[in-house]
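User: Please take a close look at one part of this structure and work outward from there. I am a first-year student, so explain each step in plain words.

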Amino acid sequence: MTFKLHPLVIVNISDHHTRVKAQTHHTDDGSGSSGGSGGAATAVRVFGCVIGVQRGRTVEIFNSFELLYDPLTHSLDRSFLEKKQELYKKVFPNFYILGWYSTGSEAQESDLQIHKALMDINESPVYVLLNPVINHSQKDLPLTIYESELHIIDGIPQLIFVRSSYTIETVEAERISVDHVAHLKPSDGGSAATQLAAHLTGIHSAIKMLNSRIRIIHQYLVAMQKGRHTGLHLLFMCLPYSILLFDGCFI
Amino acid sequence: MDSSSSSALARQTWELENNIVAVDGSSGAAGADADAIYFYDEAAQVKFQQEKPWAQDPNYFRRVKISALALLKMVVHARSGGTIEVMGLMQGKTEGDTFVVMDAFALPVEGTETRVNAQADANEYMVEYSQTNKQAGRLENVVGWYHSHPGYGCWLSGIDVSTQMDNQQFQEPFLAVVVDPTRTVSAGKVEIGAFRTYPRGYKPPDEPVSEYQTIPLNKIEDFGVHCKQYYALDITYFKSSLDSHLLDLLWNKYWVNTLSSSPLLGNRDYVAGQISDLVEKLEQAENQLAHTRFGSFLLPSQRKKEPEESQLTKITRDSSKITVEQVHGLMSQVIKDILFNSVGHSSRLRASLPDLTEPEPMVES
């Protein structure tokens with residue numbers, strides 16, 4: 001199964017988490033100012049649903065909304081989910097419930113229960129996990145997508161979470177607004193020169209990334225020449241990029 | 001890594017030049033301060049509602065802060081409507097003279113430009129949605145509405161003005177936001193405007209002329225008649241510390257989309273429309289000039305006092321805007337072509353160099 005994730009979902013989950021964190025930290029007074037670093041031990045988990053479109057083996061996640069979690073029964077409030085689903089259906093009639101999301105650093109045992117509960121809506125739901133702890137040294141997006149698979153462990157068929165890879169998919173308008181907010185560009189036009197500079201800077205950064213990626217592949221090839229690695233790794237390294245590039249650049 | 005430091009430097013220079021105040025504070029500030037804006041203080045909001053400082057001063061609200069999430073949702077929703085206008089509501093709060101928009105949601109209503117009371121249809125939806133939201137931890141109230149003007153700019157039409165005037169009578173504090181998804185995609189930057197109307201009969205003090213934007217000919221009358229009845233608010237954006245962190249990381253996966261996007265192809269119809277609109281305006285200007293050529297001898301002094309730009313100047317600005325966008329699109333295509341399609345030439349020249357210093361397509365800063 002291939003997964004495509006839209007940036008809106010990421011911002012949604014992040015906003016949900018920030019909101020809840022802001023409210024809880026202000027209400028238990030005293031931990032207000034140190035709330036920023038404190039979060040780790042008593043991290044509040046938020047839960048929600050992800051919606052989108054599934055075409056054959058490709059799952060495209062467009063949007064998400066919040067859900068209520070009952071910590072006693074370790075389950076999501078079902079009637080709430082159905083109410084929200086109805087509301088979202090009116091505005092986005094093409095989107096179906098694809099799975100659920102949560103925040104945290106790792107998938108937990110109790111998550112499986114929630115996952116199973118959703119299986120009557122979608123036979124193989126996805127579980128999107130976002131790690132809200134800000135770690136400046138990490139280079140990769142702290143978001144993982146899990147699928148559930150039936151594995152035979154010790155003779156008993158059990159459901160376990162299996163990590164899946166995903167790509168970021170976007171529509172042009174989404175990309176521009178994400179770009180805009182990420183770099184906090186001014187909303188008015190500015191002069192033609194500044195507009196041009198902005199446009200070229202964007203392309204420049206993208207090309208730099210491309211360049212660095214190609215260097216890595218090149219180094220690998222050189223090492224291969226010297227007999228150090230086999231070609232298999234190379235295939236996996238190149239494949240996602242080549243597909244994306246061929247898809248777009250050779251128009 | 002080199003790339004991140006030089007792009008960070010470029011970004012900082014950029015922000016300095018354009019006087020951008022980072023709402024999150026400097027990078028050293030505690031995350032908690034940046035995210036304080038997300039805290040909803042119910043008591044303070046109720047107090048503010050009772051005081052009603054806006055009742056005395058129609059120009060009371062001056063600024064709008066929109067969250068990253070709200071912006072993203074509004075633009076995506078507007079774009080999904082294609083050429084049909086869509087609308088939705090915004091949730092948030094007020095802080096002094098600033099509206100703070102935290103979130104937005106779409107309403108199942110279409111084609112708002114010809115219908116006076118589209119909002120009434122969606123009342124039931126709105127009530128249910130707000131209720132479920134409150135349960136799920138989104139405590140803010142509805143503070144405004146947004147709708148899209150696909151392709152014809154961010155301003156309030158006659159119907160919009162009367163809708164907003166009613167809103168400002170019965171649902172204060174309320175804000176009107178207009179998004180143009182088509183121009184956003186074509187220009188590569190977000191086209192959005194926030195407005196508040198003046199009460200009926202109020203004569204505003206002379207406002208400085210707001211930034212010029214090109215309006216298609218068939219809408220220009222509607223624009224002109226009502227443009228003095230409302231004023232625009234300054235828009236700034238904010239995002240949480242987690243948002244910033246995620247967006248930075250997102251760039252690692254995102255750069256491919258920047259290269260592979262092709263605005264020239266995506267917006268063909270819109271550009272064609274813009275050009276034909278420009279042609280009509282030129283014809284109109286030509287007709288006018290033909291008439292006034294004879295009249296120019298009669299009242300030369302009065303003509304000099306005309307503060308408005310002549311039609312030709314406006315047309316020149318419109319055409320340069322279209323040109324700039326096209327040039328940007330073309331530049332991207334040419335760059336991509338050089339990058340990917342002329343690899344054959346360079347590889348023949350540097351036959352078998354073991355260490356490769358890739359030809360840098362752009363100058364290193």
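Analyst: **A surface leucine and its surroundings**

L312(B) counts as partly exposed, with a relative accessibility of 41%. The model in front of you is predicted. L312(B) belongs to helix 14 of chain B. Together with L282(B) and L289(B), L312(B) makes up a nonpolar patch on the surface, and the accessible area of the three comes to about 260 Å².

Helix 14 of chain B, which covers residues 311–341, also holds K321(B) and E325(B). These two are 4 residues apart, about one turn of the helix. Their side chains form a salt bridge in which the closest N and O atoms are 3.2 Å apart. E325(B) is buried because its relative accessibility is 12%, which is under the 20% limit for that class. K321(B) is at 28%, so it is classed as partly exposed. Elsewhere, in chain A, salt bridges with shared partners link D15(A), R19(A), E66(A) and K84(A) into one network.

Another salt bridge of chain B connects D277(B) to K281(B), with 3.5 Å between the closest N and O atoms. Both residues sit in helix 12 (residues 268–295) of chain B; because they are 4 residues apart there, about one helical turn separates them. D277(B) and K281(B) are both buried. Chain A has a case with two unlike partners: R55(A) and E60(A) meet in a salt bridge of 3.6 Å, N to O. R55(A) is exposed at 55% relative accessible area, whereas E60(A) is buried at 10%. Over all chains, the whole structure contains 15 salt bridges.

Now to the strands. Chain B has a barrel closed by 7 strands in the order 1-3-2-4-5-6-7, and the pairing is mixed. Neighbouring strands in this sheet are turned by 40° against each other on average, if direction is ignored. One pair in the barrel is strand 4 (residues 141–148) and strand 5 (residues 175–179) of chain B, which are parallel and share 5 bridges. Within this pair, H147(B) is opposite V178(B) of strand 5. Helix 4 (residues 68–80) of chain B packs on the sheet and touches several strands, including strand 1, strand 4 and strand 7 of chain B. The direction of helix 4 makes about 25° with that of strand 3 of chain B. Helix 7 (residues 158–170) of chain B lies across strand 4, strand 5, strand 6 and strand 7, at about 60° to strand 6 of chain B.

Chain A has an open sheet of 8 strands in the order 9-8-7-6-2-3-1-10, also with mixed pairing. Strand 9 (156–164) and strand 10 (166–168) of chain A stand at the edges; each has a single partner strand, so one side of each lacks a neighbour in the sheet. The average turn between neighbouring strands here is 35°, direction ignored. Strand 2 (residues 47–55) and strand 6 (residues 96–103) of chain A run antiparallel and are joined by 6 bridges. Here V50(A) has G99(A) in strand 6 as its bridge partner. Helix 3 (residues 78–91) of chain A packs on this sheet, in touch with strand 2, strand 3 and strand 6 of chain A. Its direction makes about 110° with that of strand 3 of chain A.

Key. Residues are numbered from 1 along each chain as its sequence is written. Chains are lettered from A and ligands numbered from 1 in the order in which they are written. This is a predicted model: local features need pLDDT of at least 70, side-chain atom pairs count only at pLDDT 80 or more; totals for chains, interfaces and linings use all residues. Side-chain values use heavy atoms; hydrogens and water are left out. A salt bridge is a side-chain nitrogen of Lys or Arg within 4 Å of a carboxyl oxygen of Asp or Glu. Buried means under 20% relative accessible area, exposed over 50%, partly exposed in between (1.4 Å probe, protein chains only). Two strands pair if DSSP finds at least two bridges between them. Axes are lines fitted to C-alpha atoms, for helices over the stretch in contact, and angles run from 0 to 180 degrees between N-to-C directions. Contact means heavy atoms within 4.5 Å. Patches are made of residues with over 30% relative accessible area and no salt bridge: like charges are joined within 9 Å, nonpolar side chains (Val, Leu, Ile, Met, Phe, Trp, Tyr) within 5 Å. Accessible areas come from the Shrake-Rupley method with a 1.4 Å probe; for residues, only the protein chains shown count as cover.
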